[in-house]
Amino acid sequence: MQLHELIKQDIRYKEALNACMNCGMCTAVCPAAEFSDYDPRILLNIVQSQDDDALEKLLKSDYIWLCGQCMSCKTRCPRGNVPGLMINVLRRYSQELGYFTESRRGRQQYALHKVLNGNVLGQGYCIVPEAVKPELHPEQGPVWEWVYRNKEELYDRVGANLHKPGAGVLRQIDSGSLAELQAIYDQTGATEMGKKIEDFSVKKAEQLGYDTDDEDGMEKYFMDVYQGKI
Amino acid sequence: MQNLYTVSKDYRKEIADDKYYYARSCIRQNFFPGSEVTFLNILKKDLDRDVFDDPKHTTCTGIAYHSDVIPFDTIQTVVARHFALMSENGYENFIASCVTSFGMYIEITETWKHFPEQLELIREHLKKATGREFMIPKNIAHTSDIVYKYRMRIAEQMKYPLVNAKTGQPLKVVDHIGCHYAKMFPDKGEGGAEFTQVLQGMIKAWGGATVDYPERRHCCGFGFRQYLVQANRGYSVSNSKKKFESMQPYEPDLIVANCPGCAMFMDRWQYTLNEMQGTRYGASDTMIPVLTYEEMAGLVLGYDPWDMGLQMHQVDVTPLLDKMGVKYDPDGKYRTRTGRPIGSYTPQQSR
Ligand code: SF4
Ligand code: SF4
């Protein structure tokens with residue numbers, strides 16, 4: 001199937017694009033356009049051109065990974081287009097086809113998948129305090145470091161129920177609910193998607209000379225994509 | 001006390017009165033755990049509302065979705081599970097503590113309206129994966145909508161208004177709404193994306209004044225992958241820097257945020273920018289304290305700042321407490337309820 005036909009299969013494509021008239025309103029309000037070499041108007045132009053070569057190039061580039069998903073473009077577009085939603089469609093196919101490993105920002109999906117899906121399936125949260133390690137988050141400052149080091153007492157002090165059964169803030173999610181999350185992942189394609197991200201990433205890591213037979217090799221690849229070294 | 005403004009009828013939203021199913025926020029629980037505790041206390045004790053806090057509820061997976069590591073069908077089915085839990089427990093009104101989640105709940109229910117076959121597919125997914133069936137909520141609101149709805153009742157019980165206790169002047173409050181509250185579906189946010197009322201309504205009802213600065217509607221810069229991946233954080237801090245520079249001439253006393261992520265960034269990036277370039281954005285070279293709306297409501301009602309977790313902020317809130325004339329125990333800040341010190345040292349807050 002041609003690439004431009006393939007991406008139309010995503011239900012979000014229809015919601016994201018109703019003929020762009022190139023007015024640039026979205027670009028004017030887009031923070032990613034302000035702070036990086038990105039332009040939602042140009043993005044939709046490439047998509048609406050239906051030029052498969054240009055599309056493939058786009059899916060292999062850093063470009064689609066620059067959007068910040070704020071959806072400010074949605075409020076402003078006089079045609080009801082949503083460049084930020086088209087981004088989700090393009091990122092999906094970039095990953096399904098393995099194109100994401102061709103760009104530095106695309107390769108970061110490996111780290112995002114490992115951390116976020118690990119947290120969701122392991123603990124039932126997207127973010128848990130343990131994952132915000134002060135050494136990886138210097139911007140969080142000294143108070144967070146203190147919170148991190150004294151989690152049990154501090155969360156208890158403010159009325160949370162950290163990692164304990166029952167209701168409340170940061171409670172332990174019961175095993176039945178975690179099993180349901182896993183079953184939803186299996187049923188709806190998230191497990192398969194995660195596997196694709198991992199397989200393509202291992203292949204890329206091999207190409208780049210990482211020792212992927214060794215656990216430390218992929219750990220190093222993780223840190224290098226997370227810190228933008230490769 | 002009367003209401004001091006009107007909202008265009010195109011942007012008035014239905015907000016249920018009572019009987020809420022509560023969906024917690026990953027980010028709020030991590031960084032502002034006391035805010036969720038405070039919210040439930042206000043609802044149950046001060047407003048006498050029925051709200052169900054379900055241990056079986058999980059992440060909505062919104063951060064994973066906006067970081068593009070799960071398919072759209074997955075988040076729809078996780079959300080459908082939450083709706084199932086809501087109906088199984090006899091509730092019809094769904095309230096979310098997170099702006100990202102709220103945006104997703106609206107996005108998903110709107111998608112189902114436009115594509116009924118998608119709704120059927122998700123029903124099937126949920127049934128196969130969990131055996132559950134679900135109803136779409138009668139009403140979906142963000143938790144700030146509930147505080148907004150009852151702002152005048154809170155005003156009646158107010159202990160410390162948003163007023164400088166020494167001068168009697170209203171505090172100058174910057175409100176930060178969070179993009180996914182109304183930018184995606186303006187008619188689902190009170191006042192729409194342009195003149196969003198949800199925080200303004202609280203601020204005015206409680207005696208404060210809002211600051212209308214040029215970048216008021218600008219994103220805080222979370223950007224999901226743009227913050228979560230260390231290499232991309234320049235994007236995130238640049239967004240907040242632009243906002244701080246734009247609000248600086250107005251000398252705000254306080255920033256209040258609707259979205260938990262935004263509240264965290266507005267707090268932490270002030271510290272980071274100071275470390276990077278020595279800048280501060282408040283009056284007389286000070287930093288601007290940042291509150292969640294639950295913390296703001298709690299202070300107004302006279303809740304103890306340390307019970308609410310205000311010691312977890314990087315930017316010190318005590319100058320604000322002093323300005324408002326709030327009575328608090330300075331020694332209790334880094335201690336347990338029984339007075340034992342938490343940790344072997346006290347952390348360095350920023351001012
Ligand atoms: S969602 Fe993406 S494309 Fe749209 S305004 Fe935000 S950063 Fe720009
Ligand atoms: S605002 Fe809409 S019509 Fe204008 S360039 Fe952007 S997507 Fe196209």
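The shell around ligand 1 comprises 10 nonpolar, four polar and no charged residues; here Ala, Val, Leu, Ile, Met, Phe, Trp, Tyr, Cys and Pro count as nonpolar, Asp, Glu, Lys and Arg as charged, and the others, Gly among them, as polar. The model is predicted: local features need pLDDT of at least 70, side-chain atom pairs count only at pLDDT 80 or more, and totals for chains, interfaces and linings use all residues. Residues are numbered from 1 along each chain as its sequence is written, while chains are lettered from A and ligands numbered from 1 in the order in which they are written.

**Ligand shells**

Ligand 1 is surrounded by 14 residues, of which Cys30(A), Cys67(A), Cys70(A), Cys73(A) and Gly84(A) are the closest; a residue is near a molecule if its C-beta atom, placed from the backbone, lies within 6 Å of it. At least two residues each are supplied to this shell by α4 (31-35), α7 (72-76) and α8 (83-96) of chain A, and α8(A) provides the largest share, three residues. Helices (H or I, at least four residues) and strands (E, at least two) are DSSP runs, numbered from the N terminus.

Around ligand 2 there are 15 residues, and Cys20(A), Cys23(A), Met25(A), Cys26(A) and Cys77(A) come nearest. Two or more residues of this shell are given by α3 (25-29) and by α5 (40-49) of chain A. The largest share, three residues, belongs to α5(A). By class, the shell around ligand 2 holds nine nonpolar, three polar and three charged residues.

**Chain A and its domains**

Chain A contains 15 helices and zero strands, and its C-alpha trace spans about 55 × 45 × 35 Å along the principal axes. Of its 230 residues, 47% count as buried, a residue being buried if 20 or more other C-beta atoms lie within 10 Å of its own, with C-beta atoms placed from the backbone. Among contacts in chain A between residues at least 6 apart in sequence, 58% join residues at least 24 apart; two residues are in contact if their C-beta atoms, placed from the backbone, lie within 7 Å.

The domain assignment, automatic or from a database, divides chain A into domain 1 (3-105) and domain 2 (106-226). Their centres, taken over C-alpha atoms, are separated by 27 Å. The contact between them takes 11 residues from domain 1 of chain A and 10 residues from domain 2 of chain A.

**Chain contact and two helices of chain B**

Chains A and B each contribute 72 residues to their contact. The side of chain A that touches chain B has 38 nonpolar, 22 polar and 12 charged residues.

Two helices of chain B are compared below with the expected span, which is 1.5 Å times one less than the number of residues.

| Helix | Residues | Expected span | Distance between end C-alpha atoms |
|---|---|---|---|
| α5(B) | 99-114 (16 residues) | 22 Å | 22 Å |
| α12(B) | 233-247 (15 residues) | 21 Å | 22 Å |

The buried residues of α5(B) include Val99(B), Phe102(B), Met104(B) and Ile106(B). Among the elements covering the buried residues of α5(B) are β1 (20-23), α4 (72-88) and β3 (93-96) of chain B. In α12(B), the buried residues include Arg233(B), Tyr235(B), Lys241(B) and Phe244(B). The cover of the buried residues of α12(B) includes α4 of chain A together with β5 (172-176), α11 (225-228) and α13 (260-277) of chain B.

Methods: Buried ≥ 20, exposed ≤ 12 C-beta atoms within 10 Å, placed from the backbone.
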